[in-house]
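Me: I'd love a close look at one part of this structure, starting from a single loop and then working outwards to its surroundings. Could you walk me through it in one go?

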2 protein chains.
Amino acid sequence: MGQSMCSHLIKAGYSMTVYSRTPSKCAALVEKGAVLADSPRKVAESSDVVFTIVGFPEDVQQVIAGTDGVLAGLKPEGIVVDMTTSKPSLAQELAEKAARQNCAAVDAPVSGGDVGAREARLAIFCGGDKAAFDAVRPLLCCMGREDTIHYMGPPGLGQHTKMTNQILISTNIIGVTEGLLYAYKAGLDVEATLKAVSGGAAGSWSVTNYGPRILKRDFKPGFFVEHFIKDMRIALEEANKMGLALPGLALAQQLYVALKAQGDGDAGIHGLTLALERLNNIQLGEYTKQ
Amino acid sequence: MGQSMCSHLIKAGYSMTVYSRTPSKCAALVEKGAVLADSPRKVAESSDVVFTIVGFPEDVQQVIAGTDGVLAGLKPEGIVVDMTTSKPSLAQELAEKAARQNCAAVDAPVSGGDVGAREARLAIFCGGDKAAFDAVRPLLCCMGREDTIHYMGPPGLGQHTKMTNQILISTNIIGVTEGLLYAYKAGLDVEATLKAVSGGAAGSWSVTNYGPRILKRDFKPGFFVEHFIKDMRIALEEANKMGLALPGLALAQQLYVALKAQGDGDAGIHGLTLALERLNNIQLGEYTKQ
């Protein structure tokens, strides 16, 4: 995703310095004119704004606040924009740390996946200092659209919005999967059923986009089970801190933990179908891992 | 709903005989030219096609197969179309019973609620003899649209399709509710969050239609909690017969049973918010029962 997002910025005329823990991922960008650096600190030393997108909160911590991290190199008035889906509390900590050196940190997790990144139509949920957000907004507009870039408030609120997004998706995918299994066991034409129900009150992005892929048994990501488990774990931890019980989210997370235990942590999140098939000892069709 | 659906048929030029257990509900239809009968049997005696829409499977059983029911009066080659959301197994029994007297029964539950009925854009999921379906299709087209009327196969498959529809809705509404509560507790502007997440992968009919009503604390039905509990109970019973475990549906049904126990069986199904608010001892705003 980082590669697509970065290439949009190059195309818009910005000069870029890039770093990846897997340098080969930078080759295509270097070809387009980006300069390769050998640490996040080095990227920051030659940049006004630094974007990060990695896997887990520990990675965010290291890449931004580690010894060779972004904040070690960022000049005063520099801005770091973390686009990883990560902990709201970490976003707050990093914003405070950045402020202490007269910089700013914006949390800006995205929704829309690989495709959204490639086609520059990501939804971006932003938290942080409003002036910093305003400063980076034109850059974000290279990755999303005017109406899909949302300023949500102080540091962490971008992450909290993304958590809300994931809570909605997690329970909905249970319904898509259970609906398809029910239809199959009831002897319905599952494809016709999917079509019949998707236009009305049962309709959703997940039914429309994942339903057909599930029926084709195409469980490639899209969005990795392993990353979704991380997102739901963060949401449950945050909810627990708030004193908020979310039984639907908890169930979803447990089913995904089972799916990973079954060996499908690298499937797309619509692979939840596999976990519920195994639970019920049935199969909608042939599953070929790709 | 029956009243709206019937008035579309009158408008299309069909002559109608009507019956309701609450005769006052027929007054508007009688004014439009319908003839009032004092039993379902009497309706059937003067009709080629009889439509039924009632509350629970026991009501369907009585109104179609009872002493003064539709089948007691229906002439050979008559068709009874039950539009109640009811048991697939009952739909099969009634179709067999109808066939024994050279009649046909079509199960044709609808989706789209009060509004869909009024605006003649119901989704209709049909099971039963194909020739009987073809015969009543023009009549159904007065209540829905060409592309929202679905023939799903033999008797009971209309009901099974509706169950699939309800399974999808039930888990999705948990997500909508939990997402809103999370956003609220996290200190987000809930309305802005709803807007930010509803356009992407978390989007659904329920988010778009119920989200704003929940924020206005307008929990009027729409679609009654009590009827939804019945639908989910049927779906769980059917799944149990099939040897199919559906943990998401089971959780949803239990939360709705709690909502009814709390005194809100007559709320709309988006009232699930109330149950999860009480569970968490919080409130998004003021709730005025209307």
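Reply: Happy to! Let's start in chain B, where Gly222(B) sits in the loop that runs between α11 (205-215) and α12 (225-242). Please keep in mind that this is a predicted model. The peptide bond leading from Pro221(B) into Gly222(B) is cis, and its omega is near 15°. Turning to chain A, we find that Pro221(A) and Gly222(A) are likewise joined by a cis peptide bond, with omega about 15°. Gly222(A) belongs to the loop between α11 and α12 of chain A.

How are the two chains related? A turn of 180°, with a shift of 0.0 Å along the axis, lays chain A on chain B with an RMSD of 0.0 Å. This is the relation of a two-fold axis. In chain A, the residue that comes closest to this rotation axis is Ser204(A), whose C-alpha lies at 1.9 Å from it.

The two helices that flank our loop in chain A also take part in the meeting of the chains, so let's look at that next. Contacts link 57 residues of chain A with 57 residues of chain B. Of the interface residues of chain A, 100% are interface residues in chain B too, so the copies meet through the same surface. Together the chains bury about 4600 Å², with 70% of that area on carbon and sulfur atoms. There are zero salt bridges between chain A and chain B, while 14 residue pairs, both partners at pLDDT 80 or more, are in polar contact across the two chains.

Which elements build the side of chain A that touches chain B? At least two residues each come from β8 (144-153), α9 (157-185), α10 (190-198), α11 (205-215), α12 (225-242), α13 (247-261) and α14 (272-280). The biggest contributor is α9(A), which gives 20 residues to that side. Sorted by class, this side of chain A holds 35 nonpolar residues, 19 polar ones and three charged ones.

One more backbone detail in chain A may catch your eye: Ala120(A) has a positive phi of about 55°, although it is not a glycine. You will find Ala120(A) in the loop between α7 (113-118) and β7 (122-127).

Finally, a word on confidence. The model scores ipTM 0.95 and pTM 0.94. Chain A averages a pLDDT of 95, and 98% of its residues score at least 70. The stretch to treat with care is residues 286-290 of chain A, where the pLDDT is below 50, even though the model gives this stretch 12 contacts beyond near neighbours in sequence. Where pLDDT is low, predicted coordinates should not be read in detail.

Definitions and conventions. Residues are numbered from 1 along each chain as its sequence is written. Chains are lettered from A and ligands numbered from 1 in the order in which they are written. This is a predicted model: local features need pLDDT of at least 70, side-chain atom pairs count only at pLDDT 80 or more; totals for chains, interfaces and linings use all residues. Side-chain values use heavy atoms; hydrogens and water are left out. Contact means heavy atoms within 4.5 Å. Buried area is the accessible area (1.4 Å probe) that two parts lose on being put together, summed over both. A salt bridge is a side-chain nitrogen of Lys or Arg within 4 Å of a carboxyl oxygen of Asp or Glu. A polar contact is a pair of N or O atoms within 3.5 Å; within protein, one must be able to donate a hydrogen and the other to accept it, and residues adjacent in sequence count only if both atoms are side-chain atoms. Helices (H or I, at least four residues) and strands (E, at least two) are DSSP runs, numbered from the N terminus. Ala, Val, Leu, Ile, Met, Phe, Trp, Tyr, Cys and Pro count as nonpolar, Asp, Glu, Lys and Arg as charged, and the others, Gly among them, as polar. pLDDT is the predictor's confidence in each residue, from 0 to 100. Copies are superposed by least squares on the C-alpha atoms of residues with pLDDT of at least 70 in both.
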